[in-house]
Amino acid sequence: MIYTSRQIHDRVTAREIPRVLGRGELVRAGRYYVTPDTDEGVRAALALGLRPTCVTAAREHGLWVPPVAGLHVYTRRGSPRAGWVGHGWHPSWPESSPIASPRLLLEHAIRCLDPLEVGILADSALYKELVDQDTVAELAATAPRAVRRVLERASGKAQSGTESKVRLFLLLHNVRVTPQVKIPGVGFVDNLAGRRWIIECDSRQHHTGKDTYAKDRARDLRALELGYFTTRLTHEMTFAGWARTSATLLEVIRSGRHLDPPDRWAL
């Protein structure tokens, strides 16, 4: 939590503040007081009079954040430290909170990140209802064309950053994608591309247990019997290995395999 001096003085007297700091209940960070669980990078930025934004602010809001390096802060003088990324597109900080709002962090991300990474943040903000579709449309209207095409397809229907990236990529290549489809005999799948291509975006947390691993493979086999084919993508394949992964997805798209009705291939 982050508090202004006024907020702290509304809670405790000036005499009590040193005691609260001494007990470690609060930490001074520039003009602000923060709880000890506040991210160290955020504390360092506030101590220097900077304002966390883009992916750094996105983490504070609990959004799905793509693996982007650096501490992203607002400053009119560029990056104040090695490894920090400056976002100085306003003559002054336009908000009362020192952490960029979901709308503002998206505005900054548009000029900083890869278009699909911006799409992940927008999808997450929509999913968590921190922005609405009208807000995303307003941001898209003034964004560069590559980013605008992604934002126009953000819907908040994905349930993870990996799902969001894959779905947006497919939509950009004119593939009809339906998220969270229930297939009789198989269950819910992350994405159904075209008519028969199941794309599952697996995470270490939910797909590596012995029982889950076995169930997933049983589902894949049943899907194959029904005429579907399945692609499973890990977090690493969706981000660090994206160049190879996206090239493979494009090959499948060009083949047209996903367009056939599943019953044509049912066993």
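## Helix α13

A residue counts as buried when its relative accessible area is under 20% and as exposed when that area is over 50%. In this predicted model, the residues of helix α13 that meet the cut-off for buried are Trp242, Thr245, Ser246, Leu249, Leu250, Val252 and Ile253. Viewed down the helix axis, these buried residues of α13 lie within an arc of 160°, so they line one face of the helix. On the face turned away from that buried side are the exposed residues Ala243, Arg244, Glu251 and Arg254.

The length of α13 can be checked against its residue count. The helix takes in residues 242–255, and because each residue should contribute 1.5 Å, its 14 residues are expected to span 20 Å. The C-alpha atoms at the two ends are 20 Å apart, which agrees.

## Helix α9

Helix α9 covers residues 161–172. Its 12 residues reach 16 Å from the first C-alpha to the last, close to the 16 Å expected at 1.5 Å a residue.

How many of the residues of α9 are buried? The count is 12 of 12. Among the buried residues are Glu163, Lys165 and Arg167, as well as Val166, Leu168, Phe169 and Leu170. Just after α9, asparagine 174 adopts a positive phi of about 60°.

## Strand β5 and its partners

Strand β5 consists of residues 71–74, and its side chains point two ways: Leu71 and Val73 one way, His72 and Tyr74 the other. All four of these residues are buried.

β5 pairs with strand β4 (residues 51–52) and runs antiparallel to it, with 2 bridges joining the two strands. Here tyrosine 74 of β5 is the bridge partner of arginine 51. β5 also pairs with strand β6 (residues 84–86), in this case in the parallel sense and over 3 bridges. Opposite histidine 72 stands valine 85 of β6. Tyrosine 74 and histidine 72 thus appear in the bridge pairs given here, and both point the same way from β5.

## The second largest pocket

The second largest pocket has a volume of about 220 Å³. Its lining includes Met1, Ile2, Thr4 and Gln7, together with Tyr32 and Thr38. Glu60 and His61 also line the pocket, as do Ser96, Ser97, Pro98 and Ile99.

What is the make-up of this lining in nonpolar, polar and charged residues? The lining of the second largest pocket divides into 5 nonpolar, 6 polar and 1 charged.

Definitions and conventions: Residues numbered from 1 in each chain as written. Predicted model: local features only at pLDDT ≥ 70, side-chain atom pairs only at ≥ 80, totals over all residues. Heavy atoms only, no water. 1 Å grid on protein atoms, 1.4 Å probe; cavity = no way out; pocket = protein on both sides within 12 Å on 5 of 7 lines; lining within 4 Å. Points joined across faces, edges and corners; volume = space filled by probe spheres on them. Nonpolar A, V, L, I, M, F, W, Y, C, P; charged D, E, K, R; others polar. Buried < 20%, exposed > 50% of the residue type's maximum accessible area, 1.4 Å probe, protein only. Helix = DSSP H or I, 4+ residues; strand = E, 2+ residues; numbered from the N terminus. Pairing = 2+ DSSP bridges. Expected span 1.5 Å × (residues − 1). Arc of directions from axis to C-beta.
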